[in-house]
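Student: I have a structure open and would like to go through it step by step. Where do we start?

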Amino acid sequence: MRPALAAAVSVLVCACLLGAAPAEGTTLPDRMADTGPGSQLITAVAPKAGSTTGTVTWWDRRDGRWVSAGEAPARFGANGLVEGAARRQGTDTTPTGLFTLPYAFGIKAAPSGTTYKYRLVREDSWWCQDDDSRSYNRWTEPRPADCRAQEAEHLMSYGPLYAHALVIGFNYHQPVRGRGAGIFLHVSGKGPTAGCVSVPEDAMRRILLWAKARGRPHIAVGTESGRTAITRY
């Protein structure tokens, strides 16, 4: 092989090797299309669209790098996960996508040291899921007359599940009626959810202590691969 050609091949091989190295050590947020504008991110990942279990990880961006701050087992909807824009209300599916986290709430008081906006559940606290109500996909106190009780969640009735929770901003900022309401990150029960993401209570408490308004945290929900792959969001 001529010296010039050998040198070119050597440079090409080195470039390939250098290009491969970062990919091997790249974190999940680094592979995502978007992580939101802040320095905090929660990822909720299921193996595939039909899965009801997976992993939630919360991340901090430090010195230009994403670093895991914690991890916990997660549960998803009883009928798996579906693209958020295509989801229909009442299907027991967890919507995929990248979402804001407007505020936290709970039947129990916020863990000592929590600074994220936290709303305490009271006896007259409801989450309206009535398509015909002006309060669709909103917390209400008390339940308004145009929000039917059978189409709303009486938050206090959910006991341990809503001991602590974060509102997931799916269909929240500009609600599309029929797409779904009341999607939260909350404490796990004995099985899959009706469309929310859930984690053990200890993990939920750690997430609330971790979340900071200045970090503008978002949550990305998706699968390991396929049409609902979390890396698409």
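Tutor: With a term: two strands pair if DSSP finds at least two bridges between them. Keep in mind that this is a predicted model.

Student: Which residue in S3 stands opposite Thr-55?

Tutor: Strand S2 covers residues 53-62 and strand S3 covers residues 65-75, and the two run antiparallel, joined by 10 bridges. Two residues lie between S2 and S3, which form a hairpin. Opposite Thr-55, in S3, stands Pro-73.

Student: Which residue in the turn of that hairpin has a positive phi?

Tutor: The turn sits between S2 and S3. Its residue with a positive phi, about 50°, is Asp-63.

Student: Which cysteines form a disulfide?

Tutor: A search of the whole structure finds one disulfide. One partner is in strand S8 (residues 126-128), and the other is in the loop between strand S9 (138-140) and strand S10 (152-154), 19 residues apart. The cut-off is 2.5 Å between sulfur atoms, and here they are 2.3 Å apart. The pair is Cys-128 and Cys-147.

Student: Is the link of Cys-128 and Cys-147 right-handed or left-handed?

Tutor: The angle about the S-S bond is 120°. The link of Cys-128 and Cys-147 is therefore described, with both residues buried under the 20% cut-off, as right-handed.

Student: Why does Cys-196 count as buried?

Tutor: Buried means under 20% relative accessible area. Cys-196 counts as buried because its relative accessibility is 6%.

Student: What share of the chain's residues count as buried?

Tutor: The chain has three helices and 14 strands. Of its 233 residues, the buried share is 47%.

Notes:
Residues numbered from 1 in each chain as written. Predicted model: local features only at pLDDT ≥ 70, side-chain atom pairs only at ≥ 80, totals over all residues. Heavy atoms only, no water. Helix = DSSP H or I, 4+ residues; strand = E, 2+ residues; numbered from the N terminus. Buried < 20%, exposed > 50% of the residue type's maximum accessible area, 1.4 Å probe, protein only.
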